Amino acid sequence: MNSIENRILRAIGEDPSSPDVFTSSNLTPIRDSVNDAMEELCTLSDSIVNVYKLPLIADTNLYKMEWAGNQLCYVASVLLPETQKQLRATTLSAVEKYDRRWMSTVGTPTMFFPLGVDLLGLYPMYSDEGYYADIRCVVLPNRYETSTEPIQIRGDWEDAVVNYAVAEYFLGVGDLEKSIRWFSEYSKYAGKFGFRTTMPDRWVTKGEI
Amino acid sequence: MKFSEVETRVRRYIKDPDAKVWSRDLLMDLFNQAQDQFNKDTRMLVKIGGAHTPGIYDSTTANKWEEEYIEGTVREFGEYFEGTIHLCSFKWEVAMLRGYEPIAGDNYRVTHAWESYISDITVDDWDVLRFPDDFDKPILVMYNKKRLERLSESKAIKLDTKYKTRKGEPVRYIPVQNDEERQFAMYPRLNTVTFTDYGRSFPGYYNLGPNEGMITVVDEGTTEEYGTFYRWDDVLPTMDDYGIVVNYIPTVSNVTVVYAPRIEPVFHEDSNIANWLDWQVKYIERLMVSLAFSCNNNRYNPTLSGAWQQRYQDGLNVIQRYKGKRLSSITTRLRSPSRTSVGSTGCIKFPDTYPSVYRG
């Protein structure tokens, strides 16, 4: 049990040293909430950036990236080590309007365009093998599953993670009032990155909870 | 990620770990509904597929309803005319049966799409190609690496009465009407075609074995005649194939489609949730829980349903931020530098050199 999990258990009324429900073998719900919170915070804040070394294939425009480690969020920038130049970001429609024969045009890539959630296009494309691109990607941390795995989150965001997990716990047991209270605390942190919650300050109960 | 993992998490939220209230089938339905809704709300999935030209089909059917019982790629064999109770592979067969002189050929052949390019029969119908099975909306359709513009059939009729049989270099594609736009034909149709067997390396919806039909096998990994490289499957990288596992979509003399996909529904607990990145699935789960609390059972709870709906809305806000940031680095935009602005009064803006008062 790590320090974040300890804090969560204390907040929901469990004794971390001898928990009733969330024993060390039954911490999956808490860990799922912590992982969800970290993913959401990293999505909003771009806090983790990794470089993906993509070998470029001759006569090839479009690439699909699958990450064996962290989860891909989005492509922030692309550098060609050969030319030491950053590629300009654009869209497929812009490339298509700029050059109707973009799928045939060969040369040193000058632009990249993201497509869908995990596709990347380069324009123009190399006609030879032997090049690669440094793709700087905002990524989300791996989901941790044991108490000994490292947690990739900034120290001062621990509060936000705790608030999120506690709120989700109370929502799970149907205690909306407490849940909203903790979500509003979480929103104060996430709000720094432009997150706006639609949860109301108070919930008018329509039926029995 | 598999559906069973999602189910475990959702059952935790709805406090029904032993499926006493919500059955697995019901949760599966709710998940499919939720991911459809999430797809409509976010619109961020894009896929790329290829259509072999001319089309290659494993089977033919007489009726559309047969398709769901057949594996592989299917083409509807001809048309069924309820008025005269005829099933015809070619329209001229109607004339033949009714005593009129046939135009060409005999009445006992089923012609595959590619045969019409090499036989001497008179072609009186178009070569229909299929969009991928999970196709929803086209973003870009290309033939031989060049864009095809969309042309509706009603406009094609006005443009060219021989729109089905006109030959030439394709510049348009015509979605087939009454078919949910799952099929299309190129206009004009091709003069000639080349046959290449892409075998197992042709991903998506043509999964042929080697040496099938009149085709030859091209080894996977060959890049000389392909213009597009694309990692298609879920295999983790190996040292083969340039360090990563690749599949190819042949683009030369074939159709390439960039499209927004329909979401593949989940049918089994071991079904993979392949459409979404793992971190996006939690937002689908929120909507799923909201729907679960709306179901008509003894755990019906509109308040909790509403609360989880709000959580889902929060998730959509996160996705909106995510989408916005993906676009924030875009520096090359196609926008007119001198955008003509029309004021709130609706007046036309004159050039600066125009006299302020016009005296005729």
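## Exercises on a predicted two-chain model

In chain A, residues 24 or more positions apart account for 65% of the contacts (heavy atoms within 4.5 Å) with a separation of 6 or more. The model is predicted, so local features need pLDDT of at least 70 and side-chain atom pairs count only at pLDDT 80 or more, whereas totals for chains, interfaces and linings use all residues. Residues are numbered from 1 along each chain as its sequence is written, chains are lettered from A and ligands numbered from 1 in the order in which they are written, and side-chain values use heavy atoms, with hydrogens and water left out.

**Exercise 1. Describe the make-up and the spread of chain A.**

Step 1. Chain A holds five helices and eight strands; helices (H or I, at least four residues) and strands (E, at least two) are DSSP runs, numbered from the N terminus. Their order from the N terminus is α-α-β-β-β-β-β-α-β-β-β-α-α.

Step 2. The radius of gyration of chain A, 22 Å, is well over the 17 Å that the globule rule gives for 209 residues, so the chain is more spread out than a compact globule. This radius is taken over C-alpha atoms, and the rule is 2.2 Å times the number of residues to the power 0.38. The C-alpha trace of chain A spans about 65 × 40 × 25 Å along its principal axes.

Step 3. Of the 209 residues in chain A, 55% are buried. Buried means under 20% relative accessible area, exposed over 50%, and partly exposed in between (1.4 Å probe, protein chains only).

Step 4. The average pLDDT (the predictor's confidence in each residue, from 0 to 100) of chain A is 85, and 94% of the residues score at least 70.

**Exercise 2. Explain which parts of each chain are tied together by an edge-to-face aromatic pair.**

Step 1. Rings of Phe, Tyr and Trp (its six-membered ring) pair if their centres lie within 6.5 Å; planes under 30 degrees apart count as stacked, over 60 as edge-to-face and the rest as tilted. Over all chains, 20 aromatic pairs are found.

Step 2. A:Trp157 and A:Phe193 make an edge-to-face pair, 5.2 Å centre to centre with 70° between the planes. A:Trp157 lies in the loop between β8 (131-140) and α4 (158-172) of chain A, and A:Phe193 in the segment after α5 (176-190) of chain A, so the pair ties together parts 36 residues apart in sequence. Both A:Trp157 and A:Phe193 are buried.

Step 3. B:Phe3 and B:Phe31 are also edge-to-face, at 5.6 Å centre to centre and 65° between the planes. B:Phe3 belongs to helix α1 (residues 3-13) and B:Phe31 to helix α2 (residues 24-42) of chain B, so this pair ties together parts 28 residues apart in sequence.

**Exercise 3. Locate B:Phe131 and describe the sheet that contains β6 of chain B.**

Step 1. B:Phe131 lies in the loop between β6 (128-130) and β7 (135-143) of chain B. B:Phe131 is buried, with a relative accessible area of 1%.

Step 2. One aromatic cluster is formed by B:Phe131, B:Phe135, B:Tyr173, B:Phe184 and B:Tyr259.

Step 3. In chain B, four strands form an open sheet of mixed pairing, in the order β6-β11-β10-β9; two strands pair if DSSP finds at least two bridges between them. β6 and β9 (149-150) of chain B stand at the edges with a single partner strand each, so one side of each has no neighbour in the sheet.

Step 4. β9(B) and β10 (residues 172-175) of chain B run parallel and are joined by two bridges. Opposite B:Arg150 stands B:Tyr173 in β10(B).
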